Amino acid sequence: MVGKPERQVAVFGAGYIGLVTGACLAELGHRVVVRDIDPEKVALLRSGDVPIYEPGLGDMIARNKERLTFTLDLGETLDGAEIAYVCVDTPPSASGDADLSRIWSVVKSLEGATHLKAVVVKSTVPVGTGARVRAALDAAGLAHVGYAANPEFTAEGRAVTDFMRPDRIVIGASDEATAQLITDLHHGVEGPVVVMDVRSAEMVKLASNALLATKISFINEIATLCEKTGADVEEVARAVGLDHRLGPHFLRPGIGWGGSCFPKDSEALRQLASNTGYHLQLLSAVIEVNNLQKRRAIQQLKDELGTLAGMRVALLGLTFKPGTDDMREATSTVLASRLLAEGAEVRCWDPMARPGEVEPWVSTTRHATPEEAMAGADAAVVVTEWPQLKEVDWARAAAAMRRPVLFDGRNLLDPAGMRALGYTYMGVGRP
Ligand code: UDX
């Protein structure tokens with residue numbers, strides 16, 4: 001970029017974050033080598049395919065193929081690299097703490113890379129991880145290599161935009177030169193850079209996700225209270241959100257939050273607190289409210305149908321939100337396993353879901369359209385607010401159901417309109 005040197009960057013991990021980071025840094029003009037240990041993934045990327053669905057990512061990778069390469073080979077990754085970006089996953093371990101083993105294996109692989117200028121951790125990690133990585137780098141003869149925490153705040157479905165036009169770029173560094181190096185690396189990104197110490201930067205990520213999750217659990221509890229008092233949570237949320245001190249975002253009531261970040265990061269923050277001997281009471285309640293929220297549809301269906309045993313229930317949408325193929329911690333997985341445990345028959349529809357190993361029921365019960373999934377059903381649940389559901393011929397779908405009972409877990413549809421079509425309609429926090 002004009003006035004800023006192009007850098008040679010090694011990105012470790014070709015997962016969701018590594019791919020977006022690598023592609024966007026290449027788009028900014030840097031030379032990037034992305035390394036992964038999964039041969040299939042690397043082969044796929046080399047052939048021009050992208051293993052995840054993310055708007056704009058495939059085009060960006062194709063556009064930058066001169067500057068962006070993928071490899072299994074460590075030597076190739078580190079050859080000439082000035083900055084090493086760590087984008088490996090940090091799943092929960094048996095104790096609930098984040099499992100940092102993948103981070104340690106990357107750090108170990110940097111031994112001997114004495115020409116590096118900085119190591120940057122983008123993975124979500126417990127506060128204090130940077131200090132431990134720093135010590136490991138010192139012990140490996142890399143005391144002259146700078147260290148920075150540069151957490152990501154990307155939401156699935158808008159990750160490329162979130163990288164290129166973020167609300168803020170957070171850089172936690174222990175020395176000014178490293179902070180400047182990473183600031184310059186982002187030259188061309190439209191967003192304010194906030195420089196701080198490493199521990200604070202690590203905390204920003206966990207605190208941000210926890211506060212967003214708190215807003216959702218809060219409005220979900222208000223929704224329950226609305227049901228009991230006859231208020232309409234949609235009206236309440238709209239007016240509450242107009243207060244500029246509160247803001248309109250993350251006040252959409254629904255059937256619970258899921259995904260790869262909120263559940264994992266809120267648990268990790270709670271665990272981090274427990275390890276210090278402090279109990280995060282508010283966050284614990286936020287998590288509990290969400291766990292209950294994911295089960296609410298079950299009780300309401302039971303009340304309506306009398307029993308779930310032998311009932312056929314259609315789940316409309318499976319992913320944790322629309323615009324993604326990700327089913328991690330999705331409400332659909334909780335609903336399906338509860339329904340199956342109650343003896344119900346599950347049918348489902350989703351335009352994009354990519355189920356993992358824990359959801360074998362998807363392949364046997366999946367239908368091509370929402371209408372097909374609903375045919376002969378005793379109840380249907382809107383689990384994910386896919387726009388396709390707006391286009392359903394709901395009158396025909398009602399006629400084809402055994403009982404037109406509808407739980408709208410995302411308040412996607414118009415209650416009066418659905419009732420006029422003959423549905424027994426239940427929403428979240430609506431009278
Ligand atoms: C989130 C954060 O937004 C992102 O900054 C962080 O880096 C990773 O976690 P993501 O998991 O992709 O991103 O999804 P997001 O759009 O934030 O939604 C998370 C969950 O909350 C979804 O299940 C969604 O349905 C739910 N949600 C969101 C609500 O129920 N109500 C809302 O108002 C907003």
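**Exercise 1. Find how many residues of domain 1 and domain 2 are in contact, then place the two domains in the chain**.

*Solution.* Start with the contacts: 13 residues of domain 1 touch 15 residues of domain 2. Keep in mind that this is a predicted model. Next, look up the bounds: the domain assignment puts domain 1 at 8-196 and domain 2 at 230-426. Finally, take the C-alpha centres of the two domains, which are 34 Å apart.

**Exercise 2. Work out whether the span of helix 9 agrees or disagrees with its number of residues, and look at what lies at its ends**.

*Solution.* Helix 9 covers residues 198-229, which makes 32 residues. At 1.5 Å a residue the expected span is 46 Å, and the end C-alpha atoms are 47 Å apart, so the two values agree. Now turn to the N-terminal end: D197 caps helix 9 there, with a side-chain oxygen 3.3 Å from the backbone nitrogen of R199. After the helix comes G230, which has a positive phi near 85°.

**Exercise 3. UniProt lists a set of "binding site" residues; decide whether they gather at one spot or are spread out**.

*Solution.* First, collect the set from the unreviewed UniProt entry: D36, K41, T90, T124, E156, K264 and R328. They span 293 residues in sequence, and the farthest two C-alpha atoms are 24.0 Å apart, so they do not all gather at one spot. From this set, T124 belongs to the lining of the largest cavity.

**Exercise 4. Classify D36 as buried or exposed, and describe its surroundings**.

*Solution.* Begin with the location: D36 sits in the loop between strand 2 (31-35) and helix 2. Its relative accessible area is 11%. Buried means under 20%, so D36 is buried. For a polar partner, see A14, whose backbone nitrogen lies 2.7 Å from a polar atom of the D36 side chain. Leaving out residues up to four places away in sequence, D36 touches G13, A14, G15, K41, V42, T71 and L72.

**Exercise 5. For the lysines K41 and K264, give the helix, the accessibility and the residues touched**.

*Solution.* Take K41 to begin with: it is in helix 2 (residues 39-46). Its relative accessible area of 23% makes K41 partly exposed. Beyond four places in sequence, K41 touches A14, G15, D36 and P51. Of these, D36 is also in the UniProt set.

Then take K264, in helix 11 (residues 262-275). K264 is partly exposed as well, at 25% relative accessibility. With the sequence neighbours up to four places away set aside, K264 touches T90, P91, P92 and T124. Here T90 and T124 are listed in the UniProt set.

Technical notes
Residues numbered from 1 in each chain as written. Predicted model: local features only at pLDDT ≥ 70, side-chain atom pairs only at ≥ 80, totals over all residues. Heavy atoms only, no water. UniProt positions renumbered as here; feature names shortened; annotations may be inferred. 1 Å grid on protein atoms, 1.4 Å probe; cavity = no way out; pocket = protein on both sides within 12 Å on 5 of 7 lines; lining within 4 Å. Helix = DSSP H or I, 4+ residues; strand = E, 2+ residues; numbered from the N terminus. Buried < 20%, exposed > 50% of the residue type's maximum accessible area, 1.4 Å probe, protein only. Contact = heavy atoms within 4.5 Å. Expected span 1.5 Å × (residues − 1). Polar contact = N/O pair within 3.5 Å; in protein donor to acceptor, adjacent residues only side chain to side chain. Domains from an automatic or database assignment.
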